[in-house]
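Biologist: I have a new structure open and could use a guided walk through it. Could you take me round, one region at a time?

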Amino acid sequence: MKKTMWSMALVGVLAASLSACGGSTAQETTAAATEAEATEAAETEAEAEEEETAEAESEAAEGEEEAEAAGTDGTFTVGCDQDIPPKGLVADDGEYTGFDLALAKEVATRLGLEFVAQPIAWDAKDMELSSGTIDCIWNGFTINGREDAYTWSDPYMDNSQVFVVAADSGISTLADLAGKVVEVQTDSSAEAALKDDPDLSGTFGTLQTTPDYNTAFMDLEMGAVDAIAMDVIVAGYQIEQRGAEDQFVILDETLASEEYGVGFKLGNTELRDQVQATLEEMAADGTLKAISEEWFGLDVTTIGK
């Protein structure tokens with residue numbers, strides 16, 4: 001009887017023990033499940049944050065790639081010659097201005113870019129463009145003869161290369177330049193035109209270069225040279241600004257006819273297309289005409305015509 005009672009007591013103890021063990025295991029399982037759920041939630045949140053970060057970095061990289069492809073980091077840097085008024089010059093306030101730069105500044109504004117005029121040595125323009133120092137060359141830049149060297153906008157104005165001589169020089173035709181000293185800007189369209197016309201340039205006594213046309217006019221005024229080869233727009237402006245209509249004349253015979261355009265690094269069609277579309281917009285709303293009349297007194301532009 002005692003053995004039976006002891007056995008029953010033992011069974012009770014074992015049952016209680018098992019019951020206690022079972023309760024502890026259930027609690028532990030519940031805690032583990034809760035911890036696993038929290039870990040999974042944290043991992044999911046971290047993955048979402050990583051995806052958002054990756055997406056933001058990707059968008060930023062795409063933006064940088066687009067900016068690089070367009071040749072700009074929020075600025076529109078125009079390579080120019082500050083010494084060929086009225087296309088490029090330094091104003092009384094020290095700012096770079098002129099017809100071409102006024103066009104470029106308006107284009108930059110409409111594209112939401114900061115306009116930067118960057119004076120360059122004309123014979124270093126290709127290096128400046130290739131290195132990315134400038135986004136384009138826009139300053140009386142002739143397309144003719146350079147068609148395959150740059151990515152071009154459409155021509156925005158026509159021009160001619162001419163000769164300027166002293167009014168009392170006795171020079172009235174190209175034939176009269178035989179044996180004379182003729183000056184031209186280094187690496188200019190006029191210099192290229194003379195190289196392409198050896199029958200004419202070969203008759204000169206001397207063909208010499210100068211860095212800018214202000215110097216050329218001083219040389220002509222002092223009698224150091226007999227003629228300047230240059231573009232007709234710049235020639236007319238120089239003579240007018242100097243009040244020298246009676247001192248200098250432009251020969252009727254021209255050296256060459258040409259078209260001005262905006263030159264971009266070869267292959268940079270994205271920025272070219274943006275600028276071209278903006279110029280067409282400006283032609284349509286009359287802005288090109290207004291800027292031209294401000295600088296020349298008439299509309300010399302050709303886009304949209």
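Modeller: Let us begin at helix H7, which is followed by Gly-243, a residue whose phi is positive, near 60 degrees. Please keep in mind throughout that this is a predicted model.

Biologist: What comes after that, say around Ala-244: which elements does its loop lie between?

Modeller: Ala-244 sits in the loop between H7 and E11. With a relative accessible area of 3%, Ala-244 is buried. Its C-alpha atom is separated by 9.7 Å from that of Ala-167, although the two residues are 77 apart along the chain.

Biologist: And H7 itself, which of its residues are buried?

Modeller: H7 covers residues 232-241, and its buried residues are Ile-233, Val-234, Ala-235, Tyr-237, Gln-238 and Ile-239. What covers them includes the strands E2 (89-90), E7, E10 (227-231) and E11 (248-250), together with the helices H6 (213-222) and H9 (287-296).

Biologist: What happens at the start of H7?

Modeller: There, a side-chain oxygen of Asp-231 comes to within 3.1 Å of the backbone nitrogen of Ile-233.

Biologist: Let me zoom out a bit. How many helices and strands are in the chain?

Modeller: The chain has nine helices and 13 strands. Of its 305 residues, 39% are buried. If you take the contacts in the chain with a separation of 6 or more, 75% of them are between residues 24 or more positions apart.

Biologist: I can see a sheet; what is the order of its strands?

Modeller: It is an open sheet of five strands in the order E4-E1-E5-E13-E6, and the pairing is mixed. Strand E4 (114-119) and strand E6 (151-152) are the edge strands, each pairing on one side only. Within the sheet, strand E5 (residues 136-137) and strand E13 (residues 263-264) pair in the antiparallel sense over two bridges, and Ile-137 stands opposite Gly-263 in E13.

Biologist: What holds strands like that together, in general?

Modeller: As a general point, strands of a sheet pair through backbone hydrogen bonds, and they may do so in parallel or antiparallel fashion.

Biologist: Which helix lies across E1 and E4?

Modeller: That is helix H2 (residues 99-110), which lies across strand E1 (75-80) and E4 and runs at about 170 degrees to E1. H2 also packs with helix H8 (residues 269-284) at an angle of about 105 degrees, and the axes of the two helices are 10 Å apart. At that angle, H2 is roughly perpendicular to H8. The contact is made by Leu-103, Glu-106, Val-107 and Arg-110 on the H2 side, and by Val-275, Thr-278, Leu-279, Glu-281 and Met-282 on the H8 side.

Biologist: Changing topic to the aromatics: how many aromatic pairs does the structure hold?

Modeller: The structure holds ten aromatic pairs. In one of them, the rings of Trp-138 and Tyr-156 have their centres 6.2 Å apart and their planes at 55 degrees, so that pair is tilted. Trp-138 is in the loop between E5 and E6, while Tyr-156 is in the loop between E6 and strand E7 (157-166), so the pair ties together parts that are 18 residues apart in sequence.

Biologist: Are those two rings' residues buried or exposed?

Modeller: Trp-138 is buried, with a relative accessible area of 0%, and Tyr-156, at 1% relative accessibility, counts as buried too. Another pair is formed by Tyr-150 and Trp-152, whose ring centres are 5.5 Å apart and whose planes are at 70 degrees, so this pair is edge-to-face. Both Tyr-150 and Trp-152 are buried.

Biologist: Which residues do ring pairs link into a cluster?

Modeller: Ring pairs link Trp-138 and Tyr-156 with Phe-76, Phe-99 and Phe-296 into a cluster.

Biologist: One last spot, Ser-188: where does it lie?

Modeller: Ser-188 lies in the loop between strand E8 (181-185) and helix H4 (189-195), and at 5% relative accessibility Ser-188 counts as buried. A polar atom of its side chain is 2.7 Å from the backbone oxygen of Gln-185. Leaving aside neighbours within four places in sequence, Ser-188 is in contact with Trp-122, Arg-146 and Tyr-213.

Biologist: And what does Gln-185 touch?

Modeller: Not counting residues up to four places away in sequence, Gln-185 touches Asp-81, Ile-84, Glu-191, Thr-210, Pro-211, Asp-212 and Tyr-213. Gln-185 is found in strand E8 and is buried, with a relative accessible area of 4%. A polar atom of the Gln-185 side chain lies 3.1 Å from the backbone oxygen of Pro-211.

Notes: Residues are numbered from 1 along each chain as its sequence is written. This is a predicted model: local features need pLDDT of at least 70, side-chain atom pairs count only at pLDDT 80 or more; totals for chains, interfaces and linings use all residues. Side-chain values use heavy atoms; hydrogens and water are left out. Two strands pair if DSSP finds at least two bridges between them. Helices (H or I, at least four residues) and strands (E, at least two) are DSSP runs, numbered from the N terminus. Contact means heavy atoms within 4.5 Å. Axes are lines fitted to C-alpha atoms, for helices over the stretch in contact, and angles run from 0 to 180 degrees between N-to-C directions. Buried means under 20% relative accessible area, exposed over 50%, partly exposed in between (1.4 Å probe, protein chains only). A polar contact is a pair of N or O atoms within 3.5 Å; within protein, one must be able to donate a hydrogen and the other to accept it, and residues adjacent in sequence count only if both atoms are side-chain atoms. Rings of Phe, Tyr and Trp (its six-membered ring) pair if their centres lie within 6.5 Å; planes under 30 degrees apart count as stacked, over 60 as edge-to-face and the rest as tilted. Angles under 35 degrees count as roughly parallel, over 145 as roughly antiparallel, 65 to 115 as roughly perpendicular and the rest as oblique.
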